[in-house]
Each structure stands twice: as structure tokens, then as C-alpha cells.
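Here is a walk through one protein model, meant for someone meeting it for the first time. Keep the picture beside you as you read.

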Amino acid sequence: MIRVGSIFIPVTDLEKSVKWYEKHLGIHKIQEWGEGSAEGVGFYFPNDSTQLALVQVENVQPTEFHVKAERRNSYFNFLVDDIQAFYEQLNKSGVKTNELEQFGGMTCFDFFDLDNNSFSVVSEVVDSPFHADQVKKMQGMKR
């Protein structure tokens, strides 16, 4: 079976970024690696099996792509149960965010890390076909 194992994020200052991500995303360090051509740190989320890794890079690299004109999209998003609380927590901590938006039955916003990497945060409504409970129903029908 195939599933997402890890998300890799390019950072220019690994040491500072490790502290920033631990503080603001509540992730926990698994292990550091690095010798030769790659250096990084792997993390786990307290309540999810997908892992996150920070990888040291020499230059800032995009974590989003252009859709058209000025519209950009993150390569992935983070899901939260209480988007308002997470939004307030990040803002209270001084993390750069954009405004909360509502569209297509979901609430979302973007936040930015120390390298100005953009990440989307989403809270799906229960009736959305993309909500985890709806996806589980579809997965059950396919078995």
C-alpha cells in the first residue's frame, strides 16, 4: 500500500528552524542526520503518522507553485480541528500569517516560516467530500 510518509521542507538555517518548528507546530524530534551532501532533522506529529523533515539548503527554495497570475498554491496543507485557535496561537507568537478565508466549505489561511516558506492550514467541514470522515467512508466502499 502506498501512503505519504514524510514531508520535506527546505530551510537555510537548520538550527533556528528546528526550534521554530518545534515551538509553533508542536512536533517532536526523531533524529538528526547529516554527513556529506545532506543534513537534516526528522520529526513526528503527536497525533499523526506522517512525518516532517527539515533539510538544510544553501538558498531559499519554494514550497508553493504558481497557479495563474498572482494566485499561488502550497504543495501540501496542514489540517487542524480548531483553525481559529491555531490562527490566534500563531499570530500571538508573532508568526506571519495571511487572513482567514472561507471557500468551498472550508476555512483556511497561510503562514510563513523563517525562510518565508508558505504553508496552508485547512479546516474542512464535515459534509465536504475531502473531510477525513468522508474519505474513510470512500475507502471502506473500495475494499
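Strands S1 and S4 (residues 51-56) run parallel and are joined by six bridges. Two strands count as paired if DSSP finds at least two bridges between them. The strands themselves are DSSP runs (E, at least two residues), helices are runs of H or I with at least four residues, and both are numbered from the N terminus. Across the pairing of S1 and S4, isoleucine 9 sits opposite leucine 54 in S4.

A word on what you're looking at: this is a predicted model, where local features need pLDDT of at least 70 and side-chain atom pairs count only at pLDDT 80 or more, while totals for chains, interfaces and linings use all residues. Residues are numbered from 1 along each chain as its sequence is written, and side-chain values use heavy atoms, leaving out hydrogens and water.

**One sheet**

S1 and S4 belong to an open sheet of four strands, in the order S1-S4-S3-S2, with mixed pairing. Its edge strands are S1 (6-11) and S2 (28-35), each pairing on one side only. On average, neighbouring strands here are turned by 20 degrees against each other, direction ignored. Such angles run from 0 to 180 degrees between N-to-C directions, using axes fitted as lines to C-alpha atoms, for helices over the stretch in contact.

S2 and S3 (residues 38-44) run antiparallel and share seven bridges, with glutamine 31 opposite glycine 42 in S3. S3 also pairs with S4, again antiparallel, over five bridges; here glycine 42 has alanine 53 in S4 as its bridge partner. The hairpin from S3 to S4 passes through six residues.

**Another sheet**

A further open sheet has four strands in the order S7-S10-S9-S8, and its pairing is mixed too. Why do S7 and S8 each have one side without a neighbour in the sheet? S7 (77-79) and S8 (101-103) stand at the edges with a single partner strand each, so one side of each is left open in that sense. Neighbouring strands of this sheet are turned by 35 degrees on average, direction ignored.

Here are its pairings side by side:

| Strands | Sense | Bridges |
|---|---|---|
| S7 and S10 | parallel | three bridges |
| S9 and S10 | antiparallel | seven bridges |
| S8 and S9 | antiparallel | three bridges |

Valine 121 in S10 is the bridge partner of phenylalanine 78, and also of phenylalanine 109. Over at S8, glutamine 102 stands opposite threonine 107 in S9. The hairpin of S9 and S10 has five residues between the strands, and asparagine 116 there takes a positive phi near 65 degrees. Helix H2 (residues 83-92) lies across S9 and S10 (118-124), at about 20 degrees to S9.

**Strand S10 in detail**

How many residues of S10 are buried? Seven of its seven are, where buried means under 20% relative accessible area, exposed means over 50% and partly exposed is in between (1.4 Å probe, protein chains only). In a regular strand the side chains alternate between the two faces of the sheet. In S10, Ser118, Ser120, Val122 and Glu124 point one way, while Phe119, Val121 and Ser123 point the other.

Serine 123 is part of S10 and counts as buried because its relative accessibility is 15%. Leaving aside residues up to four places away in sequence, serine 123 touches Val80, Asp81, Ile83, Met106 and Thr107, where contact means heavy atoms within 4.5 Å.

**Serine 74**

Serine 74 lies in strand S6 and, at 10% relative accessibility, is buried. With the same sequence neighbours left out (up to four places away), serine 74 touches Thr63, Glu64, Phe65, Ser118, Phe119 and Ser120. Valine 125 is 51 residues from serine 74 in sequence and 20 Å from serine 74 in space, C-alpha to C-alpha.

**A pocket**

The second largest pocket is lined by 27 residues, with Glu64, Arg72, Ser74, Asp110 and Ser118 nearest its centre. S6 (71-74), S8, S9 and S10 are the elements giving two or more residues to this lining, and S9 has the largest share, with five.

Methods
On a 1 Å grid over the protein atoms alone, a cavity is a set of points where a 1.4 Å probe fits but cannot get out, and a pocket is an open set with protein on both sides within 12 Å along at least five of seven lines; lining residues have an atom within 4 Å of a point.
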